[in-house]
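Here is a short tour of a few local features, told in the order in which they connect. Keep the structure open beside you as you read.

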Amino acid sequence: MNVFNHIGGVPNRIWFDNASSMVSKILKEGDRILSEHFLRFKNHYGFEAVFCNPQSGNEKGSVESKVGYHRRNLLVPVPEINDLMAFNKELLARCDHDMERPHYSKPGMIRERFEEDRTKLLTLAPNKYDESILLAVRTDAHAKFTLEKGRHTYSSAPQYAKTEIWARLTAHEVIVMDRDYKEIITHPRLYGQMKRESMNWIPYLTQLSRRPAALKYTGIYGLFPSPLQEFLEQSDRSSKKETLKILAELSEDKGFLSAVEAFLAALERGAKDSDSVLAIFRRLNTESFEFSPVLLPNDVPELPPLKNKTLDYDLFLGRSSQS
C-alpha cells in the first residue's frame, strides 16, 4: 500500500511467492486458495496476482538480485532504526534518487523508463483500503490477552479482566478496543517466534491506588524516577493511595511523563498534598502567552508620576489627620 501510494498507481500484474499470509493452500493442479485478507486486498486494488512455483527461486532471479543491490547500497553500514515507518519513507525517497542513473540495458535514465511505466498503472481507488484485521480476544484475570498462538501478550485495562474485547491489528500497531469499539489502549505490534509481552501500566494506576502495597511488584514502579520512588516508600498507605490516584488522573489527561514531572516539581518545592500537585501540573501544562510591549507615539506627553495622598481621602471622609 505504501508503494502504491508513493508511485501514484497500481501495477496491472504482480508476482508473489507463496507466503501463508496470502496463500491458504496450493492445490494439485497448481491453483491456489487465497486467504480472505489477501483476496480483499487484491480485489480492492484490482491487480492480477501471479504466483511462483514452490521452491523455485530461479523464477524471481531479478528480484533476488535487486534485494542484494538495495542491501549493499542502502543498508550499509547497518542502520539503527528507531521509527520503522519513518525509515521506510526515507528508503522510498532514496529509491527515487537512485533512479537518476543510466538504465543498464536501455538508452536513457532509469527515471525515464519508470515514467513510461507509470502511464500504464491502474488508478488508485478514491476510498482508502482498511488493511487492519479485527479479532475478538478473551482476556485473563490480569486483563491480558495473547496473539500469534500465545507467543505475544498485550495488556488492556483492569476493568476488562476475564471479558471478551476487540483487537484491531495493523502492520505496526495492536489497537485494543472495548465491545463498543471504543479504544482502550494502543500497543506497538510484536513480531518474531519468541515469547514477548507489551505491557502498559498506566490504565492499572487506578486499581493500584486501591492496593498500593502491590505497586513495588509491578513493572510501572521501575518507570518512576528515584525521588518519586523514595517519596512513595516513605509515605503511609493513605498517602500512597492519594499519590497513585492523582498520577492516574493526570496521566489520563496529559500522559504519564507530564504527571511524573508535576510530582517531581512539587517535591522540589516541599509540597506533597494533592492540591499542590494539581496546581503545579496545570501551570506546567497551560500555554503561556507573551505579549509585545505597547509602544507609544513620540508626541504623547510625559506625565508626572502619580502620588497617593491618603490625607485627601481622610478630608473627603470627614476624618481628621490625627484619627
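Just after helix α8 comes G255, with a positive phi near 105°. The model is a predicted one, and the helix that ends there is a good place to begin. Helix α8 covers residues 237-254, and with 18 residues at 1.5 Å a residue it should span 26 Å; the end C-alpha atoms are 26 Å apart, so the two agree.

Which residues of α8 are buried? They are T243, L244, I246, L247, A248, L250 and S251. These buried residues pack against four helices, listed here with their ranges.

| Helix packed against by the buried residues of α8 | Residues |
|---|---|
| α6 | 205-210 |
| α7 | 226-234 |
| α9 | 256-268 |
| α10 | 274-284 |

Helix α8 also takes part in a pocket. The second largest pocket has a volume of about 440 Å³. Two elements, β10 (183-188) and α8, each give two or more residues to its lining, and α8 gives the most, with four residues. The lining of this pocket has 16 residues, and those nearest its centre are A157, Q159, I184, P203 and E252. By type, the lining residues divide into seven nonpolar, six charged and three polar.

Now to a loop. P102 sits between α4 (84-98) and α5 (110-118). Is P102 buried or exposed? P102 has a relative accessible area of 56%, over the 50% cut-off, so P102 counts as exposed. Beyond its neighbours within four places in sequence, P102 is in contact with G108, M109 and I110. The C-alpha atoms of P102 and D17 are separated by 30 Å, and the two residues are 85 residues apart along the chain.

Methods:
Residues numbered from 1 in each chain as written. Predicted model: local features only at pLDDT ≥ 70, side-chain atom pairs only at ≥ 80, totals over all residues. Heavy atoms only, no water. Expected span 1.5 Å × (residues − 1). Buried < 20%, exposed > 50% of the residue type's maximum accessible area, 1.4 Å probe, protein only. Contact = heavy atoms within 4.5 Å. 1 Å grid on protein atoms, 1.4 Å probe; cavity = no way out; pocket = protein on both sides within 12 Å on 5 of 7 lines; lining within 4 Å. Points joined across faces, edges and corners; volume = space filled by probe spheres on them. Nonpolar A, V, L, I, M, F, W, Y, C, P; charged D, E, K, R; others polar.
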